[in-house]
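Colleague: Could you take me through one part of this model, slowly and in detail? I would like to understand how its strands are arranged and what lies against them.

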Amino acid sequence: MPQPPTRRRLLSLAAGTAAAVPLVHAASPAQAASPHAAPASPAAGPSAAPAPPTWGVRPFTLDQVTLGDGVFRTKRDLMLEYARSYPADRILAVFRANAGLDTRGARPPGGWETSDGNLRGHYGGHFLTLIAQAYADTREAALKTKLDYLVGALGECQRALAEHGSPEPSHPGYLAAYPETQFILLESYTTYPTIWAPYYTCHKIMRGLLDAHTLAGNAQALAIASAMGDWVHSRLGRLPKAQLDRMWSIYIAGEYGGMNEVMADLYALTGRAEHLAAARCFDNTALLDACAEDRDILEGRHANQHIPQFTGYLRLFDQTGEEEYATAARNFWGMVAGPRMYSLGGTGQGEMFRARGAIAATLDDKNAETCATYNMLKLTRQLFFHTPDASYMDYYERGLTNHILASRRDARSTSSPEVTYFVGMGPGVQRGYGNTGTCCGGTGMENHTKYQDSVYFRSADGTALYVNLYLASTLRWPERGIVIEQTGDYPAEGVRTLTFREGGGSLDLKLRVPSWATAGFTVTVNGVRQRTRAEPGTYLTLSRDWRPGDRVRISMPYRLRVERALDDPAVQSVFYGPVLLVAQSPEQQFRSFSFYKHFTLRGDLASAISPAGRPMHFTTHGLTLAPFFHGDDTPYHAYFTRAEPVVVFGAADSGVPNRARGDGLTFLDVLWAQAPFATSGDFVRAVRTLADTWLSEGLFTRAERDRVVTAATGANLRR
């Protein structure tokens with residue numbers, strides 16, 4: 001097994017210039033160990049590691065998918081302006097100060113990124129990823145120059161720490177914006193806030209460096225990250241498992257972000273056994289074992305401390321083939337996406353996982369930490385690569401459209417990322433924007449420069465193309481010579497069109513049929529309707545020989561619908577297709593809505609909620625319902641309480657209480673779930689059958705049953 005380089009060896013390598021490492025092959029140990037190579041030229045292209053054989057589905061690179069016009073591109077452009085304008089020297093100030101170098105008069109960004117902050121340096125890692133993603137997307141030379149400048153400066157800091165750090169680092173690969181003390185104290189179980197999360201900070205820096213390499217071809221970034229990986233192994237590889245387990249169980253201080261993921265990714269790039277061994281050092285044994293056994297022990301745990309660990313476990317499965325890692329990741333996802341998910345796709349109250357199913361009971365102004373959704377989307381994406389289940393992309397669409405898109409303020413700023421931290425789900429709350437220097441400020445910078453990363457995937461053998469998201473975009477698939485343009489106005493309602501601009505040939509085009517698409521999913525090819533069955537929550541496959549000019553049109557009408565909280569079905573949210581609608585009101589108590597008295601035989605909320613004067617805006621009960629993805633600070637209600645106290649059909653009031661059965665669903669809930677009704681006779685028969693059931697279960701008396709049927713018979717509801 002190769003040994004970590006000595007300081008002398010490391011410094012001697014610094015005198016040379018490392019060549020760019022083609023990542024379709026493993027880098028040699030010498031290449032991987034040198035943190036001080038000259039930056040790659042701006043013309044150097046990205047070189048990602050090959051996809052592992054465990055992936056049946058594979059992504060396209062950011063530069064292969066270009067966003068079209070629309071709200072996603074608008075929000076992206078706001079973040080690009082920040083990326084171009086924010087001074088690199090401010091990002092570097094804390095690193096240079098720690099290395100004893102001239103800070104060039106720059107002051108740190110602020111927030112948690114201050115000259116004495118215990119998390120300083122993490123924001124710089126995120127900023128590297130921001131610039132790398134922005135460059136991969138736009139190919140702007142100025143962004144590449146800025147990225148190379150950042151990487152080169154970090155290399156200078158790493159070298160300065162190795163040569164004259166005070167205190168002297170334990171290994172010449174060490175790079176941080178504070179002394180090694182935090183890592184040493186963690187090994188003796190020091191708690192927060194004496195130290196914060198040293199390995200979390202390390203992860204952000206290493207991730208940013210790997211992104212600088214894989215997205216923008218900077219060879220020096222890989223060399224710096226590889227040396228950091230050697231340092232990680234030198235610290236953790238000697239510690240007993242029991243000590244590591246205790247470290248990773250400590251609240252905040254033991255938070256390590258995705259260190260296991262970044263070390264596994266580093267191993268895929270360098271082939272160095274130490275890097276894989278170091279990735280295994282981050283096994284959080286108790287939680288890993290519980291999730292592998294599908295035992296839910298998440299309650300009371302810090303959400304974002306643990307979500308990225310499971311993306312790391314998937315990457316360890318990719319590298320080792322050990323099934324426990326993949327099983328744990330799948331089961332963990334199932335414990336969060338659904339049982340602990342608010343309507344916007346986020347999770348957590350005050351950063352913590354609460355009890356399984358506790359949704360209504362936890363609504364306040366500190367729900368849904370934005371970092372947590374960022375990491376849940378990463379995990380979801382990785383899971384799809386292994387198992388292309390449409391439920392993963394249903395969740396991805398929800399979180400991307402209703403949390404991430406909503407997390408960027410709709411205003412320009414060159415001094416702040418203007419993103420959210422918590423996104424409250426309680427009544428009358430407001431979104432707060434800003435977050436320079438915080439964890440969510442860091443992930444927030446990344447969120448809005450990679451919208452296109454999951455619009456399309458391809459099968460491992462290149463015979464199938466998955467269309468996962470209906471965002472206006474253009475896909476360039478050079479291996480197949482295919483260029484496909486997608487047009488549409490998502491997240492607004494409308495027809496989506498896929499046009500083969502170049503290339504073609506035999507290809508299975510897999511179109512996601514969203515789970516919300518219950519009003520129909522119609523597909524035409526060159527104007528001819530396709531006689532295929534589209535089942536919500538699956539993929540519809542079109543198999544044919546495609547030619548330039550072929551056009552696929554997809555229509556999936558939106559419907560108004562409610563989603564009920566798991567722990568209280570009377571607490572509900574309103575959606576229009578995939579879009580969460582929120583009632584605009586500063587009132588601090590839940591608003592009470594009643595809809596069933598307005599229903600026609602269609603059983604559609606459109607009878608109770610009226611269109612307003614703006615697209616995708618509605619009114620009900622004197623309030624405006626607006627799409628949540630608009631980034632403003634208007635007070636809102638994401639949830640309301642449903643009040644349907646009496647069985648009423650239009651103007652026909654039975655006077656009978658609308659009682660609920662054991663699962664919390666009322667008589668009217670169960671009745672209208674059967675809609676639409678073709679005729680009044682069908683409606684009356686359904687009422688009679690259900691009223692008989694309620695009678696047999698003791699929920700109606702005989703007299704109440706008869707009054708309900710009489711009211712239904714006389715209601716004469718319109719179609």
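**The open sheet and its helices**

Modeller: In this predicted model, five strands make up an open sheet with mixed pairing, and their order across it is β1-β5-β6-β10-β13. The edges are formed by β1 (57–59) and β13 (538–546), each of which pairs on one side only, and from one strand to the next the twist averages 30°. Strands of a sheet pair through backbone hydrogen bonds, in either a parallel or an antiparallel manner. Here, β10 (residues 505–513) and the edge strand β13 run antiparallel and are joined by nine bridges, with Ser506 standing opposite Asp545 of β13.

Two helices that pack on the sheet complete this picture. Helix α16 (residues 370–386) touches β1, β5 (456–459), β6 (464–467) and β13, and its direction makes about 135° with that of β1. Helix α17 (residues 390–404), which also packs on the sheet, touches β5, β10 and β13, while its direction makes about 60° with that of β10.

As a separate element, helix α11 (residues 259–270) can be checked by its length: at 1.5 Å a residue its twelve residues should span 16 Å, and the end C-alpha atoms are indeed 16 Å apart, which agrees. Because ten of these twelve residues are buried, α11 is largely enclosed by the rest of the structure; among the buried ones are Met259, Glu261, Asp265 and Leu269. After α11 comes Gly271, whose phi is positive, near 70°.

Methods:
Residues are numbered from 1 along each chain as its sequence is written. This is a predicted model: local features need pLDDT of at least 70, side-chain atom pairs count only at pLDDT 80 or more; totals for chains, interfaces and linings use all residues. Side-chain values use heavy atoms; hydrogens and water are left out. Helices (H or I, at least four residues) and strands (E, at least two) are DSSP runs, numbered from the N terminus. The expected span of a helix is 1.5 Å times one less than its number of residues. Buried means under 20% relative accessible area, exposed over 50%, partly exposed in between (1.4 Å probe, protein chains only). Two strands pair if DSSP finds at least two bridges between them. Axes are lines fitted to C-alpha atoms, for helices over the stretch in contact, and angles run from 0 to 180 degrees between N-to-C directions. Contact means heavy atoms within 4.5 Å.
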